Every structure is written in C-alpha cells, then in structure tokens.
Amino acid sequence: MSVPVLKVDRLVRRFGARTAVDGISFQIHRGEAVGLLGPNGAGKTTTLSLLVGLLTPDSGTVAIHGKALQGDTDPVKRHIGLATQELALYEELTAWDNLGFFGALYGMRGDPLAQACQRVLDFAGLADRANEPVNGFSGGMKRRLNLAVALLHDPDLLLLDEPTVGVDPQSRNALLESIETLRRQGKTIVYTTHYMEEVERLCERVIVVDHGRILTDARVADLKVQAGGGIQLRVGLAASHISEARQSLADVTGVSAIEPVAEGLHLWLNQVSVAGNVLELLEQRGIPVLSLATRQPSLEDVFLQLTGRTLRD
Ligand SMILES: Nc1ncnc2c1ncn2[C@@H]1O[C@H](COP(=O)(O)OP(=O)(O)OP(=O)(O)O)[C@@H](O)[C@H]1O
Ligand SMILES: [Mg+2]
C-alpha cells in the first residue's frame, strides 16, 4: 500500500491534569476526505494543532508523507494547509495584504504570490472586497478569508477546523462546492464540523472522538449498516387515521420504531421488504395510504442510534 499522506501514532497531549488527546492513532491516504467529529471539548482542535506542530505532543508521532514532523518550522509542513477554528487574521490589514503576509511566510512572492492571492480570493467569494481592511468584514467573510489563507500555498493536505461556522447558507453552499472541487483535484481533506449534512456531502469516512479517544473510525456507508441498516418508510395518512394506524403497526415484525408526524407516520424498518407487510396490514384495516416514500438513514440518525445523542451543539 502507498505511504499514507498522514500517519498519526498514539498521540497524547495533556493540559495540566486534563488529557485532551489520549492515545489517538489513524492513517489517511491520498485523496481521502475524512470527517473528524465529536462533541465540544472532545480533542479535535488539539489533534489538528498537533498535526501541524502548533502544539508538541507529550508522546506519540505524526508523519506527513512518511516523514516525521519535527515541530512548527519543519519544511514538510508545506504540504499542509490548516484553517484554524480561531480566526488567524490581521484585522487592520486588507484581505489582500493578509494573504500577502501569509504567502510571504511560505516563501511566496512576486507574480506567483499575486496569482495565488487572486485564486483563493475567488475561491472564498471575496474578490470584490480584496482591498478592504478585515475589521470591516462580517464574521462569515472573515471565516471565508481564514480558509483562503490556508489554501494559498496550494497544500495537498487540508485540515479544516469548522470552516463554515457563521457562514450564511448561500456562501456555505459555495464554499462546500469549492471544497468538493478541491477533492476532485485529489486533495486530501480532514474536515471538522458539527454539521452532519456537510460530512454527508464531503466525507466518505469519519473519525469520531470523545474525551481525547477515537470512538469510531469507519466509512460512512459501513456506519449506516452497523447502526442497524434500517431504512425509513414515510406513510402519508389522513389525520383521522394516524393514531389507529400507529396502533395497528406497532406489532409488525421488522418495524423497529414508529413516529407520528403531521402527514402520517415515519416507520423505521429493519429491511425494505417489511414495507410490504405494512401496506398489507393497512389495507386489511381499511386505512387508505395517501403517499409512500423511503429514505436512507442520515448520518445524524446514525449518530443518534450509536451514541444516543446528536453531535451538534
Ligand atoms: N490551551 C489549552 N489550555 C488548557 N486546556 C486546553 C487548551 N486547549 C484545549 N484545552 C482543553 O482540551 C480539551 C479539548 O479541547 P479541543 O479544543 O481540542 O476540543 P474540540 O474537540 O476542538 O472542541 P470544539 O468542538 O468545542 O471546538 C478541552 O477540555 C479543552 O478545555
Ligand atoms: Mg475545536
């Protein structure tokens, strides 16, 4: 197998008596997009900081393209772009000058730097605000510029720590599309978010951490199977029939849960064939079915089933 883009081995990081990262190991290969998920304080940001040498581990190792990372100034860091959760921008400087400053830190100058600045400003949808100071930007615009900075030196490994927090739905969609484009170009992405629909859209694998440890490292598709592989059947019913239908269906084998909604019932089925039994029974009872749809479980549903709570704040 090829050398992983990122190899993390038994990373530990303490802050005083608290162990923020408690023996985390994983590997990520080229072109993978991996969601790093977990509740507040789980250790996600600390892990990302260890991956780029912003923090030094108490023990354990990080290797980028097979090369051990030696602190914050290691040239192997050129492969990595980190969009930090805490904005790292100079408020007094314009967007353009911020990019120029950070580009210079990566040894970029002249035309290549100007072209890179233009490219990432377009990416972030900020080209028309390039010459305005950042302190006049909205929160979402700052967030987008913060992401642009991380992309300036065209890294092949992107670590994105909640890059869409505070970004409006339209700009968020544009950002997600741009990130999808980066993925298609072969970039490797580690993506932290509390928005499951983003993970669903961008990531084929998730690493779930809590209390500094990995709870799950799995393909999204496998997680869905692991969580029971159930599918949801949405049965449209007249309001007057909902309660009777609910009682009638309660004992059908293969129906694991029933949720009444305004339009009828949402049933969780162990497998799709159970839908036949459901329809047959409703027909026997003389309850007309107004509409019918099935839905695969969302990642949100899966987390609920696996952990008993959502990962969103
Ligand atoms: N510089 C620090 N000094 C002391 N404790 C810290 C420091 N940074 C993080 N911690 C602690 O380490 C733990 C993990 O924090 P971390 O920021 O990595 O969580 P997170 O998973 O990114 O959470 P969130 O979803 O809220 O961003 C927390 O208990 C936090 O209080
Ligand atoms: Mg964090």
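In this predicted model, one open sheet has four strands, laid out in the order β12-β13-β11-β14 and paired antiparallel. Its edges are taken by β12 (255-261) and β14 (291-295), each of which pairs on one side only. Going from one strand to the next, the twist averages 20°. Zooming in on one pairing, strand β11 (residues 231-236) is joined to β14 by five bridges, and the two run antiparallel. Within that stretch, Arg234 sits opposite Ala293 of β14. A helix covers part of this sheet too: α9 (residues 274-284) lies across β11, β12 and β13 (264-269), and runs at about 145° to β13.

Another open sheet of four strands follows the order β2-β1-β4-β5, again with antiparallel pairing. Here β2 (18-28) and β5 (67-68) are the edge strands; each has a single partner strand, so one side of each is left without a neighbour in the sheet. The pairing of strand β4 (residues 59-64) with β5 is antiparallel and rests on two bridges, with Ile64 having Lys67 of β5 as its bridge partner. Helix α1 (residues 44-51) packs on this sheet, where it touches β1 (6-15), β2 and β4, and its direction makes about 120° with that of β1.

Then there are the parallel pairings. As background, strands of a sheet pair through backbone hydrogen bonds, either parallel or antiparallel. Strand β3 (residues 33-37) has five of its five residues buried, so β3 is largely enclosed by the rest of the structure. In a regular strand the side chains alternate between the two faces of the sheet. For β3, both faces are covered: Ala33, Gly35 and Leu37 are buried on one side, and Val34 and Leu36 are buried on the other. One parallel partner of β3 is strand β8 (residues 188-192), and this pairing runs over four bridges. In that pairing, Val34 has Val190 of β8 as its bridge partner. Strand β9 (residues 205-210) is also joined to β3 by four bridges, and these two strands run parallel as well. There, Gly35 stands opposite Val206 of β9.

Strand β6 (residues 80-83) can be read in much the same manner. Ile80 and Leu82 point one way from β6, Gly81 and Ala83 point the other way, and all are buried. Strands β6 and β7 run parallel and are joined by four bridges, with Leu82 placed opposite Leu159 of β7.

After β7 (157-161) comes a loop leading to α5 (169-184), and Asp168 is found in that loop. Is Asp168 buried or partly exposed? It has 13 other C-beta atoms within 10 Å, which makes Asp168 partly exposed, given that a buried residue needs 20 or more. As for its position relative to Thr45, the two residues are 123 residues apart along the chain, and their C-alpha atoms are separated by 23 Å.

Next, a helix pair. Two packed helices are described by the angle between their axes and the distance between the axes. For helix α2 (residues 95-105) and helix α4 (residues 139-151), the axes come within 10 Å and cross at roughly 30°. With angles under 35 degrees counting as roughly parallel, α2 and α4 are therefore roughly parallel to each other. Their crossing is right-handed. On the α2 side, the contact is made by Ala95, Asn98, Leu99 and Phe102, and on the α4 side by Leu145, Ala148 and Val149. Sorted by class, this contact of α2 with α4 has six nonpolar residues, one polar residue and no charged ones.

Stepping back to the whole protein chain, the count comes to 10 helices and 14 strands. The C-alpha trace spans about 75 × 45 × 40 Å along its principal axes. Of the 313 residues in the chain, 35% are buried. Taking the contacts with a separation of 6 or more, 66% are accounted for by residues 24 or more positions apart.

Conventions. Residues numbered from 1 in each chain as written. Chains lettered and ligands numbered in written order. Predicted model: local features only at pLDDT ≥ 70, side-chain atom pairs only at ≥ 80, totals over all residues. Axes fitted to C-alpha atoms, helices over the stretch in contact; angles between N-to-C directions. Parallel < 35°, antiparallel > 145°, perpendicular 65-115°, else oblique. Left-handed = near helix turned anticlockwise from the far one by under 90°. Contact = placed C-beta atoms within 7 Å. Nonpolar A, V, L, I, M, F, W, Y, C, P; charged D, E, K, R; others polar. Buried ≥ 20, exposed ≤ 12 C-beta atoms within 10 Å, placed from the backbone. Pairing = 2+ DSSP bridges.
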